[in-house]
Amino acid sequence: MGLELIRNPSLAERTTLGLGGVAEVEAVLHEAADLDALSEFLTRETLRPFVIGQGSNLLAHDGHLDMALIRTATPPGPTRVEKSGSKLLVRCGAGQRLPGLLGWAQRAGLSGLENLTGIPGSVGGAVAMNAGSYGTEFGELISRVRLWSPMQGLVWMDADQCTFGYRHFSCPAVPGKSLVWEVELALIEMNPKSVRSGMRAAYAKKRETQPVTARSAGCVFKNPEGASAGMLLDKAGMKGRRLGHMAFSDIHANFLVNLGGGTAAQALELIDTARKAVREKFDTTLEAEVIIL
Ligand SMILES: Cc1cc2nc3c(=O)[nH]c(=O)nc-3n(C[C@H](O)[C@H](O)[C@H](O)COP(=O)(O)OP(=O)(O)OC[C@H]3O[C@@H](n4cnc5c(N)ncnc54)[C@H](O)[C@@H]3O)c2cc1C
C-alpha cells in the first residue's frame, strides 16, 4: 500500500486523554518497505516529526500543531521464534497493541507480562516508555529490539546494548530518537490458566486503586526518588481538584481525567497548580511522566 499520508490528523482522536488540536500530517507505515519513503518524507518536510503509538501517555496542546506524526500500523500478530534455554523467544511488531500481546501470551501459555495487565498503548510505546507495573518493566522481558533511524536504517540491538530506566529507553549505538520497529521478548512457557490468573490478579489490583475506565493518560507525574507522586498530590490537596472539565481523579490523585469536553489549557493549568502545591508543601519538584506535545 506504500506510506500512507493523512492530512490534519486530530490529536484528540489519537490520545486516550481525548485532548489536543490538529497536526499537519500523519505518516502511517504498513511494512518495512515504507521506511525508505519515510526517509524521503522526513528529508522533504520541515515539520517536527513525532512517533506516536496509541497516545496513552500524551497530552497534546489545543489548536494547530506544526508537526508530522509517524505511526506504525497494527502488524500481523506476534510469532514464536525459537527456544532459548528455558525461555521462548517471541517476536512482535511495534504497532501491535500491548493488551493484544498480553491476550496472545495468555492463550499461548507464556508468562512474564502478567503485571502489565491494564496498561494500554502499543508495543512500541511500551519499549519507548519502558512501561512498568507492580515490579515488572517491559525492558526486562526484551532480548533484542529492532530500531530504525534515517541514518542507520533498520538495526537489531541486543537488550544489553540498550539502557532501560524508569520510564526511559535509549540505545547509545542508535543516537537520537529512533523508531521502534519490532521487538523480541523472552517469555516462560507455563500453563495458560496460571498466566490468566496472574493477569486477573494484576487487573483486579489496578481496578481497586486507579480510574481504569476514565479518559486519562495514566500517571501525570513520575514518582520522585523514595516517594509516591500520588501520595504527595493527595496530601497537597489535589485529589479531586477540578478545573472546567478536567480533574485530578478522586480515586488516584496522580491521574488527570477528562470528564468530557475538557481542554489541554485546563489540563496544563491544573498540572501547573499541582506542581506548585507539591513544591510549596514538600519542597519537591514533580517531573512530568506524561509527554506534552
Ligand atoms: C489508564 C492508563 C493506565 C496506565 N498505566 C500505566 C502503568 O501502569 N505503567 C506505565 O508505565 N504506564 C501506564 N500508562 C501510560 C501508557 O499506557 C504507557 O506509557 C504506554 O506504554 C504508552 O504507549 P503508547 O503506544 O500509547 O505511546 P504514546 O503515548 O503514543 O507515546 C509515548 C512515547 O512513546 C514513544 N513511542 C510510541 N511508539 C513508538 C515507536 N514505535 N517507536 C519509538 N517511540 C515510540 C512516543 O514518541 C512517546 O515519546 C497508563 C495509561 C493509561 C491511560
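The shell around the ligand draws at least three residues from each of domain 1 (4–72) and domain 2 (79–209); domain bounds come from an automatic or database domain assignment. This is a predicted model, in which local features need pLDDT of at least 70 and side-chain atom pairs count only at pLDDT 80 or more, while totals for chains, interfaces and linings use all residues. Residues are numbered from 1 along each chain as its sequence is written.

**The surroundings of the ligand**

In total, 31 residues surround the ligand, and the closest are Gly53, Gly121, Gly124, Gly125 and Gly218. A residue is near a molecule or strand if its C-beta atom, placed from the backbone, lies within 6 Å of it. Two or more residues of the shell come from each of the elements β3 (48–51), α4 (123–129), β9 (132–133) and β15 (179–189). Here helices (H or I, at least four residues) and strands (E, at least two) are DSSP runs, numbered from the N terminus. Helix α4 gives the most to the shell, with 5 residues.

By class, the shell holds 16 nonpolar, 15 polar and no charged residues. In this scheme Ala, Val, Leu, Ile, Met, Phe, Trp, Tyr, Cys and Pro count as nonpolar, Asp, Glu, Lys and Arg as charged, and the others, Gly among them, as polar.

**Overall form**

The protein contains 7 helices and 19 strands. Its domain assignment gives domain 1 (4–72), domain 2 (79–209) and domain 3 (229–292). The centres of domain 2 and domain 3, taken over C-alpha atoms, are separated by 29 Å.

Along its principal axes, the C-alpha trace spans about 50 × 50 × 30 Å. A compact globule of 293 residues would have a radius of gyration near 19 Å, and the protein agrees with this, having 19 Å. The radius of gyration is taken over C-alpha atoms, and the globule rule is 2.2 Å times the number of residues to the power 0.38.

Buried residues make up 40% of the 293 residues. A residue is buried if 20 or more other C-beta atoms lie within 10 Å of its own, exposed if 12 or fewer, and partly exposed in between, with C-beta atoms placed from the backbone. Among contacts between residues at least 6 apart in sequence, 64% join residues at least 24 apart. Two residues are in contact if their C-beta atoms, placed from the backbone, lie within 7 Å.

**Nonpolar cores**

A nonpolar core is a set of buried Ala, Val, Leu, Ile, Met, Phe, Trp, Tyr and Cys residues joined through C-beta atoms within 7 Å. The largest one has 39 residues, and those with the most contacts inside it are Leu59, Ala60, Leu233, Phe248, Leu256 and Ala267. Elements that give two or more residues to this core include β2 (22–29), β5 (64–72) and α6 (229–235). Helix α7 gives the most to this core, with 6 residues. At least three residues of this core come from each of domain 1 (4–72) and domain 3 (229–292).

Alanine 267 is in contact with Leu19, Leu59, Met246, Leu256 and Gly262, leaving aside its neighbours within four places in sequence. A second, separate core of 37 residues includes Ile119, Phe138, Ile142 and Val145.

**Selected loop residues**

The table lists four loop residues with their C-beta neighbours.

| Residue | Loop | C-beta atoms within 10 Å | State |
|---|---|---|---|
| Asn130 | between α4 and β9 | 20 | buried |
| Tyr134 | between β9 and β10 (136–137) | 13 | partly exposed |
| Leu116 | between β8 (110–111) and α4 | 24 | buried |
| Arg97 | between β7 (87–93) and α3 (98–108) | 18 | partly exposed |

Asparagine 130 has a phi near 45°, a positive value in a residue other than glycine. Tyrosine 134 likewise has a phi near 45°, a positive value in a residue other than glycine.

Leaving aside neighbours within four places in sequence, leucine 116 is in contact with Leu98, Leu102, Ala131, Ser133, Thr136 and Phe138. Leucine 116 and alanine 105 lie 11 residues apart in sequence and 12 Å apart in space, C-alpha to C-alpha.

Arginine 97 touches Gln54, Thr74 and Ser122, not counting residues up to four places away in sequence. Between the C-alpha atoms of arginine 97 and glycine 135, which are 38 residues apart along the chain, the separation is 21 Å.
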